[in-house]
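This report describes a two-chain model, shown below. It takes up strand pairing, then packing, and then each chain as a whole.

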Amino acid sequence: MKNIILLFISILFFCLASCAKHIPAEYEVVSMSLTNAQNTGESPSESTNNNVPKQAYAIKMILNEEMRKKTDGDAEENGFINEDKLVGLNIFSLYAFDASHPANTSLNDYFLTSLSSSSTISSFISKGQIGGGSYKNGNYTDSWSTNQYLYLMTPPALPGAQSFVVKLDLSDGRSMCDTVNVTLY
Amino acid sequence: MKKKYLILICFVFMKYIGFAQEKKPLIVDSSDIAKNHKVNFCFTWFEAGAGIPLKEKKLKNLPYGMNNYLYSPKTSFAGGLFGIGLYYKNHWGISVIYSFQDYSVPDADYRDYISSQFPNYYLPFGVQGHTYTLNNIDYRLSYRFRKNRFTFEPQFQLGINDYNDFDTQFVLKEKGSNNFIEYSIKKENQKKHILSYQAALVTRYRFTKPQWKWNIEPGIRVSFMLTPTDYNYTISYNSYNAPATVNKVNIKQLNPNINITVVMGVFRK
(Lines give C-alpha, C1' and ligand atoms only; values in the text may rest on other atoms or scores of the structure.)
Protein backbone atom coordinates (compact mmCIF):
# COMPACT_ATOMS: atom_id res chain seq x y z
CA MET A 1 0.00 0.00 0.00
CA LYS A 2 2.85 2.33 0.91
CA ASN A 3 4.48 1.67 -2.44
CA ILE A 4 1.26 2.43 -4.30
CA ILE A 5 0.91 5.79 -2.50
CA LEU A 6 4.53 6.62 -3.31
CA LEU A 7 3.97 5.72 -6.94
CA PHE A 8 0.82 7.86 -7.07
CA ILE A 9 2.64 10.85 -5.55
CA SER A 10 5.52 10.41 -8.01
CA ILE A 11 3.15 10.37 -10.98
CA LEU A 12 1.31 13.44 -9.65
CA PHE A 13 4.60 15.29 -9.15
CA PHE A 14 5.77 14.34 -12.64
CA CYS A 15 2.50 15.61 -14.14
CA LEU A 16 2.67 18.90 -12.24
CA ALA A 17 6.34 19.36 -13.13
CA SER A 18 5.75 18.70 -16.81
CA CYS A 19 2.78 21.09 -16.85
CA ALA A 20 4.75 23.95 -15.30
CA LYS A 21 4.19 27.24 -17.07
CA HIS A 22 7.08 28.55 -19.12
CA ILE A 23 7.60 32.29 -18.81
CA PRO A 24 9.51 33.78 -21.75
CA ALA A 25 12.70 35.63 -21.02
CA GLU A 26 12.91 39.26 -22.14
CA TYR A 27 15.62 40.75 -24.30
CA GLU A 28 16.21 44.17 -25.75
CA VAL A 29 17.56 45.29 -29.11
CA VAL A 30 20.28 47.80 -28.17
CA SER A 31 21.71 48.72 -31.56
CA MET A 32 21.43 47.99 -35.24
CA SER A 33 23.76 48.12 -38.24
CA LEU A 34 23.40 47.37 -41.95
CA THR A 35 25.50 45.58 -44.55
CA ASN A 36 24.88 44.42 -48.11
CA ALA A 37 23.87 40.86 -48.86
CA GLN A 38 23.42 38.92 -52.04
CA ASN A 39 20.91 36.14 -52.51
CA THR A 40 21.99 34.39 -55.69
CA GLY A 41 22.31 31.02 -53.94
CA GLU A 42 19.93 29.00 -51.84
CA SER A 43 20.13 31.43 -48.94
CA PRO A 44 21.43 34.99 -48.51
CA SER A 45 25.01 35.77 -47.55
CA GLU A 46 26.91 38.93 -46.71
CA SER A 47 28.37 40.55 -49.80
CA THR A 48 32.16 40.76 -50.00
CA ASN A 49 31.97 44.10 -51.81
CA ASN A 50 29.42 46.80 -52.53
CA ASN A 51 28.50 45.52 -56.00
CA VAL A 52 25.45 43.26 -55.92
CA PRO A 53 23.13 41.97 -58.67
CA LYS A 54 20.00 44.08 -58.39
CA GLN A 55 17.63 41.12 -58.74
CA ALA A 56 19.33 39.31 -55.81
CA TYR A 57 19.94 42.20 -53.44
CA ALA A 58 19.10 42.12 -49.74
CA ILE A 59 19.88 44.40 -46.84
CA LYS A 60 21.36 42.50 -43.94
CA MET A 61 20.20 44.09 -40.70
CA ILE A 62 22.38 43.07 -37.74
CA LEU A 63 20.50 43.45 -34.46
CA ASN A 64 22.60 43.57 -31.31
CA GLU A 65 20.64 42.31 -28.34
CA GLU A 66 21.04 42.01 -24.58
CA MET A 67 19.24 39.90 -22.01
CA ARG A 68 16.99 41.93 -19.73
CA LYS A 69 14.89 39.53 -17.69
CA LYS A 70 15.87 35.88 -17.25
CA THR A 71 13.27 33.37 -16.12
CA ASP A 72 13.62 30.12 -14.23
CA GLY A 73 13.98 26.88 -16.13
CA ASP A 74 15.30 25.84 -19.49
CA ALA A 75 15.94 28.78 -21.84
CA GLU A 76 14.80 26.90 -24.93
CA GLU A 77 11.52 25.77 -23.37
CA ASN A 78 10.78 29.19 -21.85
CA GLY A 79 11.18 31.04 -25.13
CA PHE A 80 11.94 34.72 -25.61
CA ILE A 81 10.07 37.95 -26.06
CA ASN A 82 11.37 41.37 -27.00
CA GLU A 83 10.97 43.88 -24.19
CA ASP A 84 10.25 46.80 -26.54
CA LYS A 85 7.99 46.21 -29.50
CA LEU A 86 8.73 47.26 -33.02
CA VAL A 87 6.32 50.05 -33.93
CA GLY A 88 7.90 51.40 -37.11
CA LEU A 89 10.26 50.31 -39.87
CA ASN A 90 10.98 52.54 -42.82
CA ILE A 91 13.28 51.84 -45.75
CA PHE A 92 14.21 54.59 -48.18
CA SER A 93 17.07 55.60 -50.46
CA LEU A 94 19.01 58.84 -50.40
CA TYR A 95 18.97 58.63 -54.22
CA ALA A 96 16.05 58.43 -56.61
CA PHE A 97 15.10 54.78 -56.88
CA ASP A 98 12.74 54.94 -59.86
CA ALA A 99 10.31 57.38 -61.45
CA SER A 100 7.70 56.92 -58.75
CA HIS A 101 10.17 56.84 -55.86
CA PRO A 102 12.33 59.94 -55.71
CA ALA A 103 14.99 60.26 -53.01
CA ASN A 104 13.80 59.84 -49.40
CA THR A 105 10.45 58.26 -50.21
CA SER A 106 9.48 55.01 -48.57
CA LEU A 107 10.47 51.81 -50.37
CA ASN A 108 8.71 49.54 -47.88
CA ASP A 109 6.46 48.12 -50.59
CA TYR A 110 9.52 46.94 -52.55
CA PHE A 111 10.96 44.83 -49.73
CA LEU A 112 9.98 41.59 -47.99
CA THR A 113 11.28 40.28 -44.67
CA SER A 114 11.37 36.70 -45.98
CA LEU A 115 10.65 34.99 -49.28
CA SER A 116 6.91 34.75 -48.88
CA SER A 117 4.29 37.11 -50.29
CA SER A 118 2.77 37.57 -46.84
CA SER A 119 6.07 38.75 -45.33
CA THR A 120 5.53 42.42 -46.07
CA ILE A 121 7.09 45.20 -44.03
CA SER A 122 3.65 46.23 -42.74
CA SER A 123 2.87 42.71 -41.48
CA PHE A 124 6.33 42.61 -39.87
CA ILE A 125 5.58 45.83 -37.99
CA SER A 126 2.12 44.65 -36.96
CA LYS A 127 3.65 41.60 -35.22
CA GLY A 128 5.88 43.90 -33.18
CA GLN A 129 8.58 41.30 -32.79
CA ILE A 130 12.14 42.00 -33.75
CA GLY A 131 15.29 40.02 -33.13
CA GLY A 132 15.30 36.68 -31.39
CA GLY A 133 16.53 34.91 -28.30
CA SER A 134 19.77 33.09 -27.80
CA TYR A 135 20.86 30.28 -25.52
CA LYS A 136 23.69 27.85 -25.15
CA ASN A 137 23.21 24.36 -23.70
CA GLY A 138 19.83 25.40 -22.33
CA ASN A 139 21.30 28.43 -20.51
CA TYR A 140 20.83 32.11 -21.28
CA THR A 141 23.53 34.19 -22.88
CA ASP A 142 23.95 37.84 -21.90
CA SER A 143 24.43 39.43 -25.32
CA TRP A 144 24.29 38.29 -28.89
CA SER A 145 23.25 39.44 -32.34
CA THR A 146 20.73 38.17 -34.88
CA ASN A 147 20.39 38.89 -38.58
CA GLN A 148 17.25 40.06 -40.30
CA TYR A 149 17.31 40.18 -44.09
CA LEU A 150 15.24 42.65 -46.08
CA TYR A 151 14.84 41.37 -49.66
CA LEU A 152 14.53 43.82 -52.53
CA MET A 153 11.73 42.36 -54.64
CA THR A 154 11.32 45.17 -57.17
CA PRO A 155 14.76 46.18 -58.40
CA PRO A 156 15.34 49.50 -60.21
CA ALA A 157 15.09 49.39 -64.00
CA LEU A 158 18.59 50.72 -64.42
CA PRO A 159 21.78 49.75 -62.61
CA GLY A 160 23.36 52.33 -60.38
CA ALA A 161 24.38 53.42 -56.92
CA GLN A 162 21.92 53.45 -54.05
CA SER A 163 22.20 54.51 -50.47
CA PHE A 164 19.58 52.66 -48.46
CA VAL A 165 18.51 53.89 -45.04
CA VAL A 166 16.64 51.69 -42.56
CA LYS A 167 14.98 53.34 -39.57
CA LEU A 168 13.51 51.34 -36.69
CA ASP A 169 11.13 52.76 -34.10
CA LEU A 170 10.57 50.93 -30.83
CA SER A 171 7.73 51.18 -28.35
CA ASP A 172 9.89 52.80 -25.67
CA GLY A 173 10.51 55.79 -27.94
CA ARG A 174 13.96 54.78 -29.14
CA SER A 175 14.86 54.93 -32.82
CA MET A 176 17.73 53.26 -34.63
CA CYS A 177 18.99 54.20 -38.02
CA ASP A 178 21.78 53.13 -40.34
CA THR A 179 22.75 53.61 -43.97
CA VAL A 180 24.30 51.19 -46.43
CA ASN A 181 25.81 52.07 -49.81
CA VAL A 182 25.58 49.68 -52.72
CA THR A 183 25.96 49.59 -56.47
CA LEU A 184 23.20 47.50 -58.01
CA TYR A 185 24.06 46.06 -61.40
CA MET B 1 -14.24 -0.80 -58.40
CA LYS B 2 -15.34 0.10 -54.88
CA LYS B 3 -18.23 -2.39 -54.95
CA LYS B 4 -15.87 -5.10 -56.16
CA TYR B 5 -13.64 -4.63 -53.12
CA LEU B 6 -16.59 -4.53 -50.71
CA ILE B 7 -18.00 -7.74 -52.16
CA LEU B 8 -14.54 -9.29 -51.78
CA ILE B 9 -14.37 -8.27 -48.11
CA CYS B 10 -17.83 -9.72 -47.40
CA PHE B 11 -16.99 -12.90 -49.30
CA VAL B 12 -13.79 -13.50 -47.36
CA PHE B 13 -15.58 -12.86 -44.07
CA MET B 14 -18.46 -15.22 -44.84
CA LYS B 15 -16.08 -17.84 -46.17
CA TYR B 16 -14.26 -17.95 -42.84
CA ILE B 17 -17.50 -18.23 -40.91
CA GLY B 18 -18.66 -21.01 -43.22
CA PHE B 19 -15.40 -22.81 -42.61
CA ALA B 20 -15.82 -22.40 -38.89
CA GLN B 21 -19.35 -23.77 -38.90
CA GLU B 22 -18.20 -26.86 -40.77
CA LYS B 23 -15.43 -27.51 -38.26
CA LYS B 24 -17.57 -26.98 -35.18
CA PRO B 25 -17.21 -30.35 -33.44
CA LEU B 26 -13.66 -29.77 -32.34
CA ILE B 27 -11.51 -31.21 -29.61
CA VAL B 28 -12.51 -29.12 -26.65
CA ASP B 29 -10.02 -27.86 -24.18
CA SER B 30 -11.25 -28.94 -20.76
CA SER B 31 -9.92 -25.79 -19.17
CA ASP B 32 -12.34 -23.75 -21.28
CA ILE B 33 -15.37 -25.88 -20.62
CA ALA B 34 -15.01 -25.69 -16.88
CA LYS B 35 -16.22 -22.11 -16.63
CA ASN B 36 -17.96 -21.55 -19.89
CA HIS B 37 -20.49 -18.71 -19.74
CA LYS B 38 -23.20 -17.70 -22.16
CA VAL B 39 -21.55 -14.34 -22.68
CA ASN B 40 -17.79 -13.97 -22.55
CA PHE B 41 -15.80 -10.82 -22.11
CA CYS B 42 -12.68 -10.07 -24.09
CA PHE B 43 -10.13 -7.33 -23.57
CA THR B 44 -7.53 -6.45 -26.15
CA TRP B 45 -4.63 -4.65 -24.55
CA PHE B 46 -2.93 -3.63 -27.75
CA GLU B 47 -2.41 -4.32 -31.41
CA ALA B 48 0.72 -3.05 -33.10
CA GLY B 49 2.29 -3.64 -36.44
CA ALA B 50 2.58 -2.47 -40.00
CA GLY B 51 0.17 -1.32 -42.65
CA ILE B 52 1.21 -2.09 -46.21
CA PRO B 53 -0.59 0.25 -48.63
CA LEU B 54 -1.38 -1.21 -52.04
CA LYS B 55 -0.97 0.93 -55.13
CA GLU B 56 -4.06 1.97 -57.03
CA LYS B 57 -3.54 1.70 -60.76
CA LYS B 58 -6.15 4.31 -61.57
CA LEU B 59 -4.00 7.00 -59.92
CA LYS B 60 -1.24 6.53 -62.47
CA ASN B 61 -2.46 9.05 -65.01
CA LEU B 62 -3.53 11.96 -62.85
CA PRO B 63 -2.78 15.50 -64.07
CA TYR B 64 -0.73 18.28 -62.42
CA GLY B 65 1.73 15.84 -60.85
CA MET B 66 -0.92 14.41 -58.55
CA ASN B 67 0.06 10.90 -59.61
CA ASN B 68 3.49 11.46 -58.02
CA TYR B 69 1.94 13.20 -55.07
CA LEU B 70 -0.49 10.38 -54.27
CA TYR B 71 0.84 7.29 -55.97
CA SER B 72 3.75 6.40 -53.77
CA PRO B 73 2.60 4.85 -50.53
CA LYS B 74 4.96 3.24 -48.10
CA THR B 75 4.61 1.06 -45.06
CA SER B 76 2.66 2.69 -42.27
CA PHE B 77 2.34 2.11 -38.58
CA ALA B 78 -0.93 0.44 -37.59
CA GLY B 79 -2.10 -0.01 -34.04
CA GLY B 80 -4.99 -0.46 -31.69
CA LEU B 81 -5.50 0.04 -27.97
CA PHE B 82 -7.93 -1.04 -25.26
CA GLY B 83 -10.45 -3.06 -27.19
CA ILE B 84 -13.40 -4.52 -25.34
CA GLY B 85 -15.72 -7.16 -26.69
CA LEU B 86 -18.59 -9.42 -25.78
CA TYR B 87 -18.92 -12.90 -27.27
CA TYR B 88 -22.09 -14.93 -27.34
CA LYS B 89 -21.51 -18.58 -26.42
CA ASN B 90 -17.85 -18.21 -27.18
CA HIS B 91 -18.47 -17.59 -30.88
CA TRP B 92 -20.21 -14.49 -32.15
CA GLY B 93 -18.71 -11.32 -30.86
CA ILE B 94 -19.01 -7.58 -31.08
CA SER B 95 -16.22 -5.33 -29.96
CA VAL B 96 -14.92 -1.80 -30.06
CA ILE B 97 -11.32 -0.71 -30.17
CA TYR B 98 -9.43 2.54 -30.54
CA SER B 99 -7.30 2.21 -33.63
CA PHE B 100 -4.88 4.47 -35.43
CA GLN B 101 -2.76 4.46 -38.54
CA ASP B 102 -0.20 6.87 -39.82
CA TYR B 103 0.56 7.07 -43.55
CA SER B 104 3.44 8.86 -45.09
CA VAL B 105 5.07 8.59 -48.46
CA PRO B 106 8.63 8.62 -49.75
CA ASP B 107 9.37 12.05 -51.14
CA ALA B 108 11.58 11.06 -54.07
CA ASP B 109 8.99 10.78 -56.87
CA TYR B 110 7.20 13.97 -55.97
CA ARG B 111 10.43 15.92 -55.43
CA ASP B 112 11.65 14.73 -58.84
CA TYR B 113 8.44 15.95 -60.40
CA ILE B 114 8.69 19.41 -58.81
CA SER B 115 12.38 19.63 -59.81
CA SER B 116 11.50 18.84 -63.40
CA GLN B 117 8.75 21.47 -63.42
CA PHE B 118 10.92 24.19 -61.92
CA PRO B 119 14.52 23.41 -62.94
CA ASN B 120 15.78 26.92 -62.23
CA TYR B 121 14.61 26.89 -58.61
CA TYR B 122 15.96 25.54 -55.36
CA LEU B 123 13.87 22.81 -53.82
CA PRO B 124 13.10 23.66 -50.21
CA PHE B 125 12.67 21.43 -47.22
CA GLY B 126 9.04 20.37 -46.96
CA VAL B 127 8.36 19.17 -50.50
CA GLN B 128 6.71 15.89 -49.72
CA GLY B 129 3.95 13.68 -51.00
CA HIS B 130 0.60 13.00 -49.50
CA THR B 131 0.48 12.07 -45.82
CA TYR B 132 -2.48 11.40 -43.59
CA THR B 133 -3.46 9.79 -40.33
CA LEU B 134 -6.54 7.81 -39.39
CA ASN B 135 -7.78 7.31 -35.87
CA ASN B 136 -10.98 6.62 -34.03
CA ILE B 137 -13.14 3.99 -32.40
CA ASP B 138 -13.68 1.02 -34.69
CA TYR B 139 -16.49 -1.50 -34.41
CA ARG B 140 -16.02 -5.20 -35.02
CA LEU B 141 -18.28 -8.10 -35.73
CA SER B 142 -16.50 -11.40 -35.38
CA TYR B 143 -16.89 -15.13 -35.17
CA ARG B 144 -14.51 -17.06 -32.97
CA PHE B 145 -13.68 -20.73 -33.21
CA ARG B 146 -10.81 -22.83 -31.99
CA LYS B 147 -8.66 -25.76 -32.81
CA ASN B 148 -6.53 -27.22 -30.04
CA ARG B 149 -4.72 -24.31 -28.41
CA PHE B 150 -5.35 -21.98 -31.32
CA THR B 151 -8.29 -19.63 -31.71
CA PHE B 152 -9.28 -18.29 -35.12
CA GLU B 153 -11.43 -15.25 -35.49
CA PRO B 154 -12.58 -13.76 -38.79
CA GLN B 155 -13.69 -10.17 -38.28
CA PHE B 156 -15.48 -7.45 -40.15
CA GLN B 157 -14.55 -3.97 -38.95
CA LEU B 158 -16.14 -0.61 -39.55
CA GLY B 159 -14.37 2.59 -38.59
CA ILE B 160 -15.80 6.09 -38.60
CA ASN B 161 -12.56 7.93 -38.76
CA ASP B 162 -10.92 11.16 -37.94
CA TYR B 163 -8.99 11.60 -41.13
CA ASN B 164 -6.28 14.18 -40.71
CA ASP B 165 -4.96 15.32 -44.01
CA PHE B 166 -2.52 18.20 -44.21
CA ASP B 167 -2.35 20.90 -46.84
CA THR B 168 0.91 21.12 -48.72
CA GLN B 169 2.67 24.41 -49.29
CA PHE B 170 6.24 25.43 -49.94
CA VAL B 171 8.31 28.16 -51.52
CA LEU B 172 10.75 27.57 -54.39
CA LYS B 173 13.53 30.11 -54.61
CA GLU B 174 14.86 31.07 -58.03
CA LYS B 175 18.58 30.57 -58.62
CA GLY B 176 20.40 33.89 -58.94
CA SER B 177 17.60 36.15 -57.73
CA ASN B 178 15.14 36.98 -54.96
CA ASN B 179 12.22 35.70 -57.02
CA PHE B 180 10.25 32.79 -55.69
CA ILE B 181 7.25 30.62 -56.43
CA GLU B 182 4.66 29.79 -53.82
CA TYR B 183 3.26 26.33 -54.45
CA SER B 184 0.30 24.84 -52.63
CA ILE B 185 -2.05 21.88 -52.72
CA LYS B 186 -5.28 22.46 -50.83
CA LYS B 187 -7.62 19.58 -50.06
CA GLU B 188 -11.37 19.68 -49.61
CA ASN B 189 -13.06 16.57 -48.30
CA GLN B 190 -16.30 15.76 -50.15
CA LYS B 191 -17.52 13.15 -47.68
CA LYS B 192 -19.35 13.73 -44.44
CA HIS B 193 -17.67 10.77 -42.78
CA ILE B 194 -14.61 8.84 -43.88
CA LEU B 195 -15.40 5.21 -43.24
CA SER B 196 -12.95 2.36 -43.29
CA TYR B 197 -13.79 -1.27 -43.87
CA GLN B 198 -11.70 -4.22 -42.85
CA ALA B 199 -11.89 -7.97 -43.28
CA ALA B 200 -9.49 -9.63 -40.90
CA LEU B 201 -8.41 -12.94 -39.52
CA VAL B 202 -6.97 -13.11 -36.01
CA THR B 203 -5.05 -16.21 -35.02
CA ARG B 204 -4.39 -16.47 -31.29
CA TYR B 205 -2.65 -18.95 -29.06
CA ARG B 206 -4.40 -19.61 -25.77
CA PHE B 207 -2.39 -19.79 -22.59
CA THR B 208 -4.76 -21.25 -20.04
CA LYS B 209 -5.09 -23.44 -16.96
CA PRO B 210 -8.23 -24.95 -15.43
CA GLN B 211 -8.00 -22.68 -12.37
CA TRP B 212 -7.58 -19.50 -14.43
CA LYS B 213 -10.62 -17.32 -15.04
CA TRP B 214 -9.02 -15.74 -18.07
CA ASN B 215 -7.15 -17.03 -21.09
CA ILE B 216 -4.11 -15.04 -22.08
CA GLU B 217 -4.21 -14.80 -25.84
CA PRO B 218 -1.37 -13.35 -27.87
CA GLY B 219 -1.78 -13.59 -31.61
CA ILE B 220 -1.44 -12.18 -35.07
CA ARG B 221 -4.06 -10.20 -36.97
CA VAL B 222 -4.02 -9.92 -40.74
CA SER B 223 -6.52 -7.62 -42.38
CA PHE B 224 -7.42 -6.12 -45.71
CA MET B 225 -8.60 -2.55 -45.36
CA LEU B 226 -10.30 0.00 -47.58
CA THR B 227 -10.74 3.68 -46.77
CA PRO B 228 -12.65 5.32 -49.60
CA THR B 229 -11.92 9.05 -49.88
CA ASP B 230 -13.24 11.75 -52.18
CA TYR B 231 -11.22 14.94 -52.30
CA ASN B 232 -11.24 18.09 -54.39
CA TYR B 233 -7.64 19.20 -54.80
CA THR B 234 -6.66 22.74 -55.74
CA ILE B 235 -3.10 22.94 -57.01
CA SER B 236 -1.88 26.51 -57.36
CA TYR B 237 1.44 28.25 -57.87
CA ASN B 238 2.47 31.79 -58.50
CA SER B 239 5.57 33.90 -58.77
CA TYR B 240 5.88 36.97 -56.59
CA ASN B 241 3.43 39.66 -57.76
CA ALA B 242 2.21 37.49 -60.65
CA PRO B 243 -1.24 35.94 -61.09
CA ALA B 244 -1.57 32.40 -59.80
CA THR B 245 -1.97 29.32 -61.98
CA VAL B 246 -4.82 27.35 -60.45
CA ASN B 247 -5.73 23.76 -61.30
CA LYS B 248 -8.52 21.74 -59.76
CA VAL B 249 -9.05 18.01 -59.81
CA ASN B 250 -11.37 15.60 -58.05
CA ILE B 251 -9.79 12.34 -56.96
CA LYS B 252 -11.57 9.35 -55.52
CA GLN B 253 -9.37 6.81 -53.79
CA LEU B 254 -9.94 3.53 -52.02
CA ASN B 255 -6.63 3.51 -50.15
CA PRO B 256 -6.41 -0.29 -50.01
CA ASN B 257 -3.88 -1.75 -47.63
CA ILE B 258 -2.98 -4.85 -45.70
CA ASN B 259 -2.38 -4.59 -41.98
CA ILE B 260 -0.36 -7.12 -40.07
CA THR B 261 -0.36 -6.61 -36.32
CA VAL B 262 0.65 -8.44 -33.20
CA VAL B 263 -2.27 -8.76 -30.78
CA MET B 264 -2.24 -9.15 -27.04
CA GLY B 265 -5.40 -9.68 -25.04
CA VAL B 266 -7.29 -11.72 -22.50
CA PHE B 267 -10.51 -13.69 -22.83
CA ARG B 268 -12.88 -14.45 -19.96
CA LYS B 269 -13.70 -18.13 -19.87
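## Pairing of S12 and S13 in chain B

In this predicted model, strand S12 of chain B, residues 229–239, pairs with S13(B) in the antiparallel sense, and nine bridges hold the register between them. Two positions illustrate that register. Ile235(B) has Asn247(B) in S13(B) as its bridge partner, and Tyr237(B) stands opposite Thr245(B) in S13(B).

The connection between S12(B) and S13(B) is a hairpin with five residues between the strands. Asn241(B), which lies in the turn, has a positive phi of about 65°.

## The surrounding sheet

S12(B) also pairs with strand S9 of chain B, residues 180–189; the two run antiparallel and are joined by nine bridges. Within this pair, Ser184(B) has Ser236(B) of S12(B) as its bridge partner.

These strands belong to an open sheet of five strands in chain B, in the order S4-S8-S9-S12-S13, with antiparallel pairing. Its edges are strand S4 (121–122) and strand S13 (245–253) of chain B, each of which pairs on one side only.

## Ser239 of chain B

Ser239(B) lies in strand S12 of chain B. Is this residue buried, partly exposed or exposed? Ser239(B) counts as partly exposed because 15 other C-beta atoms lie within 10 Å, whereas a buried residue would need 20 or more and an exposed one 12 or fewer.

Leaving aside neighbours within four places in sequence, Ser239(B) is in contact with Asn179(B) and Ile181(B). Leu172(B) is 67 residues from Ser239(B) in sequence, and the C-alpha to C-alpha distance between them is 9.3 Å.

## Nonpolar cores

The largest nonpolar core has 34 residues, and those touching the most other members are Tyr57(A), Ala58(A), Ile59(A), Phe111(A) and Tyr151(A). Elements supplying at least two residues each include, from chain A, strand S1 (25–38), strand S4 (57–69), strand S7 (111–112), helix H3 (121–127) and strand S10 (143–152). Strand S11 (160–170) and strand S12 (175–184) of chain A are also among them, as is S9 of chain B. The largest share, five residues, comes from S4(A).

Which residues does Phe111(A) touch, not counting those up to four places away in sequence? Phe111(A) touches Ile91(A), Ile121(A), Leu150(A), Tyr151(A), Leu152(A) and Met153(A). Apart from the largest core lies another core of nine residues, among them Tyr69(B), Tyr71(B), Ile185(B) and Tyr233(B).

## Contact between the chains

Across the interface, 12 residues of chain A are in contact with nine residues of chain B. The side of chain A that touches chain B is made up of six nonpolar, five polar and one charged residues.

## The chains as a whole

Chain A has 185 residues, of which 25% count as buried. Its secondary structure comes to three helices and 12 strands. Of the contacts in chain A with a separation of 6 or more, 72% are between residues 24 or more positions apart.

Chain B has 269 residues, of which 33% count as buried. Four helices and 14 strands make up the secondary structure of chain B. For contacts in chain B between residues at least 6 apart in sequence, 73% join residues at least 24 apart.

How values were computed: Residues are numbered from 1 along each chain as its sequence is written. Chains are lettered from A and ligands numbered from 1 in the order in which they are written. This is a predicted model: local features need pLDDT of at least 70, side-chain atom pairs count only at pLDDT 80 or more; totals for chains, interfaces and linings use all residues. Two residues are in contact if their C-beta atoms, placed from the backbone, lie within 7 Å. Ala, Val, Leu, Ile, Met, Phe, Trp, Tyr, Cys and Pro count as nonpolar, Asp, Glu, Lys and Arg as charged, and the others, Gly among them, as polar. Two strands pair if DSSP finds at least two bridges between them. A nonpolar core is a set of buried Ala, Val, Leu, Ile, Met, Phe, Trp, Tyr and Cys residues joined through C-beta atoms within 7 Å.
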